[in-house]
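Me: Please take a close look at a single part of this model, and then place that part in its wider setting.

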Amino acid sequence: MPGNARTGAEGRGDSGRASSGPGGSGGGATASHCPYCALQCAMTITPATPAGPAAARTVATIEGRDFPTSAGRLCRKGFSAAELLGSGERLTAPLLRGPDGRFAEVGWDEALDLVADRIRGLRAGHGPDAVAVFGAGGLTNEKAYQLGKFARLAVGTRLVDYNGRFCMSSAAAAGNRSLGLDRGLPFPLTDLQAADVVLLLGSNVADTMPPFLQHLESARRGGGLIVVDPRASATARLTADRAGLHLQPAPGSDLELLLGLAHVVLFEQLADTEYLAARTTGLEQLRRTLAPWWPRRAEQATGVPAESIRRAAHRLAEAAARAREAVATRREPGKVFVLTGRGVEQHANGTDTATAAINLALLLGLPGTPAGGFGTLTGQGNGQGGREHGQKSDQLPGYRRIDDPVHREHVARVWGVAPEAIPGPGVPAAQLLHALGGTLPDGRPGPRMLLVHGSNVVVSAPDAGRVLAGLRALDMLVVADFFMSETAAEADVVLPVLQWAEEEGTLTNLEGRLLRRRRAVDGPPGARDELWILAELARRLDAPGTYSTVASEVFDELASASAGGLADYSGISHALLDAAEGIVPRSAAESAGVYWPCPAGAPRNDDGSLGTPRLFLDRFAHPDGRARLVPVRPGALPAGDAAGLRGRTTGPAEARRSELTLLTGRLLEHYQSGAQTRRTAALASAQPEARAELHPAAAARLGIADGDWVRLENRQGTAVVRAELSTAIRPDCVFVPFHFAGLGKVNRLVTDATDPVSSMPAFKNTRVSLARVDEPPEPGPAPPRTPDPSRVRPGTAPPRGASR
Amino acid sequence: MSTPERVVVVGFGPVAARLVEDLLPAVAAGTLALTVLGAESRAAYNRVLVAEVAVGRTAAGAIALADADELRRAGVDVRLGATVRRVDRSRRRVLLDDGAPVPYDRLVFATGARPILPTLRGLDFAPHAEPRLPEGVAALRDLDDADLLRRVVADGGRAVILGGGVLGVEAALLVQEHGAQAVLVHHGRHPLPRHVDDDAGRLLAHRLCAAGVQLVSEARAVAVQRESDRFAALELADGALVPGDLLVLSVGVRARDELAAGCGLATGNGIHVDGRLRADTEDRVFAIGDCAAVDGARPSGLIGPGWAQAEWLAAYLTRHRTPPVPAPGPADTLPAVPPSASPESVDPLPAASLPAEPPGAILLKARGLDFTSGGDVSPGLWDTDAGGRRVSIWADPQRGAYCKMVTEDGALTGFVALGLPRTAAELVLLYERGRELPADRTTLFRLEDPVAAPAAEPGPDEVLCRCSGATHGQVATARETGCTTVEEVGRACRAGTGCGGCRDRIEAVLRAAAREPVGV
């Protein structure tokens, strides 16, 4: 029985720290990547020398590391990430909520025994689906894989899903439907550096992944950056000074805008007819659904002038034609790309909108050619790998389908179980979280126990108030985290885990490139790797199969499980990636990279890369090798507040006057629910609270001055934040970042509406009413601190854990 | 499972095509048997784009909205070139010209509208037949008309367009844009009389002339003059002749409602239907699109409302079976039965009735001339009243810009905008959504040309590099401590090490230092 001491099997067997090599950056420096977004900027982590100045708890320093995707650059989030390694707020021992509602430190055995007992008990009393598991797009490939396997085999539940459902599911569903395969960028990111025109739809990369901007420079130089965003975001402003075009559609009309763009391309005879004939199916049907979207009609739906739509379409089509011509005459093409982000995807028609973007790219003859392509910009650190390896409710590792008998059989063989031992499809994230302690959409009882790994759903989930109520209705909530996040603060058992610089593993970046995350420093003595936690729980649950605690071994198993699947990793291993990345100094092979699909035995490509840097060059991933032009059109408006301000208003004049469309999004200084970045002094001081970005015209109508407190309210809930007036936003919108807890928790207002295909929540287009509030409200609770568990939650919730 | 309900659609234009498309799932599920009777020999196409086809901007084959063969494969009984002689409501069947009966449980009229033919000497027409026009005269309603216009445009000829409505103005500009000569002959002082006030009308006329269109205003046409049986000139009441190679008639359309009138339904400016698009009282006969007068109102002639009706009706027909009646029975004697959800239906009801929309906005389909209008724009600046009406006007005729906004309680009830594309697009949204305008109306004009914030001298605490948060002051300090390159500044304070977008600004700081005399 392992005690609290760390065992040697927790990952030390991996390649570990790189010693300084020739040209290396000094003693003990480790080559790794950023903990935050999917750009995964390369960094060098250097542990602080114990003899150094006693700068408060400085555990390591970070420098940008030369790498093709980031070129040595880091944003503010990345270079301040080390601050959190030595944070005084780290969780350092398992916490158990006592009968008095307060947390108390307990040993690992006690915590894990309790969790396992409750799983066993609920499973016996209510069946395995009484326990649900919730993962994250921030987990390494190894952890994501292991978590899905643990849920299906050790717990036996079908109820597993993850927060990537909030990010990538619509683009993924569209990619699978149209192209047969979803890989965020099906080409290396650096291909953008040869771009003439980039159409960027609903993505504010200038704030979300600043080092990405260097890849847009080529398009900007030629005046070819076209940004679609209802806000004049930092990214949209990059189109100023004749660097491109900014189209500012009314929220929720991105699909109509794309139909208008595609209409111009097709009906003004600018499409690549040869490509369409050779590589796609469905043109005639698409033509019929596009026929009604002449530019003036698209204008009517979007608020974007017809002439701007036409100009953008011609810009794209003319550049695409030039690129084709260059390819045909063996010159270097000025490429054309269509890229989508959450702004157009997080809607009740997000899958169709992403599909319309793919259709546009196909009409231009781009995907799968050297002339350019279509891509979606993955958000979370491992948002790509996280959606491939079996923590999605409908998937098994390797992007296999859980309802396909052949796929089940393959994975069951790797897991050493009978196919029947793998449960069937579960339910997607929003529906799962909204069923906690209640009822699932199919009428079956919702889960009574939830294990959360790497996600702060109290802040990040839609209709967050309902999620919080659901968590409180559970028999037991177990949260694995390194800080006392708002979700952990609700838990019965909190399990402290390691941070990025303390663990080994791999991530798959936004271009499908495999990256190694390497241990650079030791974590706090009481924290544990999640692989170890899952293994220990599996053992206590007498789970079938094996649960290695060594990341490289888990990866090897993942590779076998993915073999022959769409996301085939079978030709990849930690050792191969270490060799390829050459740690320090960078080798030629590293810049070439390793991209999935990469089947075992795949030979090196001519440029030294391994796997498939560019997908679809010969064929798309459908059985007939062709891309599908899937006809899409706007459907009925979603019900309730999810319709935003679309449709004709009917309410009384006074109520109408205060209604705006709420857009949620991100700030440069924060990441996701803010659980990390709000604890980073440099970031929190720059952006300490959520603010409502509001047009002065709307503010004037509502009697709101800059800095006033305002209340946002709708059927779901309320948030109170300070107003910040800006002409960068449309007068009918209010923008609030979703990184904050307490009164500024804006996801409380987001509805439970989801996309019918992908189950992606509609974060982006919510009707709210806005009013000034005279008295500044009580300040939101400060982020709880852990060293003193009694301060965490002063008895606000009734004690749980005994019985429902 | 009961037998499928037989739905027969008379007409196969754009609105019918949308209805058919939305009924396909029910056809596939076996709950509906669908028959479509189209009079033209081709399936539905997008009439709005007929003029574009005429000038060769897009191909005729490209504007199809339906494919008859594909629909047939999907189980729809599509009959093209099928002319309906009459509808027998008592026996619930449609009789075709060849005498074949088509039985129905539910009937949808989507017969559209036909061009109004003006009373002109030289134009013969029989009131109850589809008109036959002489050579060189076209209505620009279907693809055959498009062929005629295409030839004139290809030869750089001269097209006389009679009628100053939306279609006439659009046709004139399109012809002009493609290198042919357009002559627009119209009644009033200026074109689009229903959509402009006097100032906007004069500016519009000015812009049309600037585009090369010859305007013949306040004209009344009386005759078509022919030479060797072809159109040669249009004769006006004052005796003037307007010669041309083609006469395009664009004086409006009239609902095709004769079939409905012939089977005892209420008509007049279209087939009268209620808010649920029902033309009868027993939930069996419906009308949509240009032939339907919803609550007695004249059809808008716009495609958007027609498609909205089609979508709504498809949902309604799918979810509400016909109420059971002793069949066959004389339809008119049955009491009105409110429709109710079928027992097996679990879907929520569609909205109780089609949501009321304001009169549709007009967005002129012309390049280089941004004209947008909606609602009643006749009130003048001082025609305010106690009801909260307010009128705002912006005019800059030399720049071709004009905008009038009429609001009631802050919400637009009428507007016209010329030469202000971005503002116009915004006004359309505000108008259609019934949302309140900014109290300061000039906000809407500032959208046109977002002015960059004046470049004030940045203070030391202002952020220079957004990615790192480094301020102008920090960069200046780095410079003062000896940094001479962007890279050195980056190492000193991280400015410029993120997205790299501020490198120009850092260089500017460094250059400024180089110019400054040492010691200052």
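The reply below starts with one sheet and then moves outward.

Reply: The model is predicted, with local features needing pLDDT of at least 70 and side-chain atom pairs counting only at pLDDT 80 or more, while totals for chains, interfaces and linings use all residues. Residues are numbered from 1 along each chain as its sequence is written, and chains are lettered from A and ligands numbered from 1 in the order in which they are written.

In chain A, an open sheet is built from three strands in the order β1-β2-β3, with antiparallel pairing. Strands here are DSSP E runs of at least two residues, and helices are H or I runs of at least four, numbered from the N terminus; two strands pair if DSSP finds at least two bridges between them. The edges are formed by β1 (30–33) and β3 (60–64) of chain A, each of which pairs on one side only. From one strand to the next, the twist averages 35 degrees.

β1(A) is joined by four bridges to the antiparallel strand β2 (residues 42–47) of chain A. Within that pairing, T30(A) has I45(A) as its bridge partner in β2(A). In a regular strand the side chains alternate between the two faces of the sheet. In β1(A), T30(A) and S32(A) point one way, A31(A) and H33(A) point the other way, and all are buried (20 or more other C-beta atoms within 10 Å of a residue's own, against 12 or fewer for exposed and partly exposed in between, with C-beta atoms placed from the backbone).

The wider setting begins with the domains of chain A, whose bounds come from an automatic or database domain assignment: domain 1 (30–84), domain 2 (95–167 + 383–583), domain 3 (169–377) and domain 4 (640–772). Domain 1 of chain A contributes eight residues to a contact with domain 4 of chain A, which contributes 10; contact requires C-beta atoms, placed from the backbone, within 7 Å. The side belonging to domain 1 of chain A has four nonpolar, one polar and three charged residues, where Ala, Val, Leu, Ile, Met, Phe, Trp, Tyr, Cys and Pro count as nonpolar, Asp, Glu, Lys and Arg as charged, and the others, Gly among them, as polar. The C-alpha centres of these two domains of chain A, domain 1 and domain 4, are 32 Å apart.

Elsewhere in chain A, helices α10 (residues 295–302) and α11 (residues 306–328) have axes that come within 8 Å and cross at roughly 115 degrees. P295(A), R296(A), A298(A) and E299(A) of α10(A) meet A306(A), I309(A) and R310(A) of α11(A). By class, the residues of this contact are four nonpolar, no polar and three charged.

Finally, chain A touches chain B through a contact that takes 45 residues from each of chain A and chain B. On the chain B side, helix α9 (residues 421–433) of chain B supplies the largest share, eight residues. That side of chain B comprises 21 nonpolar, 10 polar and 14 charged residues. Chain B has 13 helices and 25 strands, and 46% of its 520 residues count as buried.

Conventions
Axes are lines fitted to C-alpha atoms, for helices over the stretch in contact, and angles run from 0 to 180 degrees between N-to-C directions. Two residues are in contact if their C-beta atoms, placed from the backbone, lie within 7 Å.
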